[in-house]
Amino acid sequence: MKIELGIMQGRLSDKPGQSLQSFPYLTWKDEFFLARNFGLDHIEYLVDDVYDTLNPITNKEGRNQIAQLSKESNIKVNSLCAHTFISDNFLDPSNNSNIILKFEKIIEWCKQLDINYINVPIDGLSNKKLDELKNVIVLFNQLKIPKLINILIETDLSAEVVKFFLSALKVKNVNIVYDLGNANALKFNSVNDFKILHKNICEIHLKDRSSKEGNSCRLGSLDTPFKKIASELNQLRWSGLVTLETPIFTNWKEEAVHNISFAKNWIKEINKEI
């Protein structure tokens, strides 16, 4: 598999009054063709639990429309960001049944659209309290995940703890989406993390966050060590999805032009001959 570059929904639109990580219900169709015009490979679909009544993926007719737009624009929908899970407490066993029902629904949507990756943010876990992982392991081991679908967890745990978590799972198709910006804001050593986890990292979320203030900015503007990371990924011969999850600020187009150009050059560094 080669490295494919895509973008999270909502990064090719102005969304006044909406949060950044929200489904662009007014412009979601346009974003497919804008992504094509920018020379991207894929869009990461977004389910946010806020605008679900306006989100076409929640009904059969809408899913058919998504598939048709993907075909017309030649933009794949390889992954889905299940931001809807951000408000769920994975640490409380009393929530397990509701979380599993939500998983089953999203997995069925993805099956119908041939979406291979479901990204799941898990908040609240701590490197200092490993016993908190027990319920998450129990919960994931109850999931029935089809062979062609991978659940990619996004967490603030260290690479060593993530490796332990994955090894404790009975289900095999659970892997990692690695967020470069979040890792830098947490002062993680991303180069070392990739050495440990590269075989389990199926997707990279691309953004730039300061290790001092935690703010997010245009790619290359802060202190995320992109060059060192590209060099390590080159040595590891890593391949997978790279998805822009950058802010749009007051002008989505200006940000997109810069960030997509930066990302394409960054991928060239990863792909260059050793």
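A residue counts as buried with under 20% relative accessible area, as exposed with over 50%, and as partly exposed in between, using a 1.4 Å probe and protein chains only. With that in hand, let's walk through this structure.

The model is predicted, so local features need pLDDT of at least 70, side-chain atom pairs count only at pLDDT 80 or more, and totals for chains, interfaces and linings use all residues. Residues are numbered from 1 along each chain as its sequence is written, and side-chain values use heavy atoms, with hydrogens and water left out.

**Backbone with positive phi**

Most residues other than glycine have a negative phi. Here are some residues with a positive one.

| Residue | Phi | Place |
|---|---|---|
| Asn 74 | near 60° | loop between helix 2 (60-73) and strand 3 (76-81) |
| Phe 249 | about 50° | loop between strand 10 (241-244) and helix 9 |
| Arg 237 | about 55° | just after helix 8 |

Helices here are DSSP runs (H or I, at least four residues) and so are strands (E, at least two), numbered from the N terminus. Is Asn 74 buried or exposed? Asn 74 counts as exposed because its relative accessibility is 65%. Phe 249, at 46%, is partly exposed.

**Helix 8 and its surroundings**

Two packed helices are described by the angle between their axes and the distance between the axes. For helix 8 (residues 226-236) and helix 9 (residues 252-271), the angle is about 40° and the axes are 7 Å apart. Axes are lines fitted to C-alpha atoms, for helices over the stretch in contact, and angles run from 0 to 180 degrees between N-to-C directions. The pair is therefore oblique; under 35 degrees would be roughly parallel, over 145 roughly antiparallel, and 65 to 115 roughly perpendicular.

Which residues of helix 8 meet helix 9? They are Phe 226, Ile 229, Ala 230, Leu 233 and Asn 234, and their partners in helix 9 include Phe 262 and Trp 266. The buried residues of helix 8 are Phe 226, Ile 229, Ala 230, Glu 232, Leu 233 and Asn 234. Their cover includes helix 6 (180-185), helix 7 (190-197) and helix 9, where contact means heavy atoms within 4.5 Å.

**The nonpolar core**

A nonpolar core is a set of buried Ala, Val, Leu, Ile, Met, Phe, Trp, Tyr and Cys residues joined through side-chain atoms within 4.5 Å. The largest one has 81 residues, and Phe 103 and Trp 266 are among those with the most contacts inside it. Helix 3 (residues 96-113) gives the most to this core, 8 residues.
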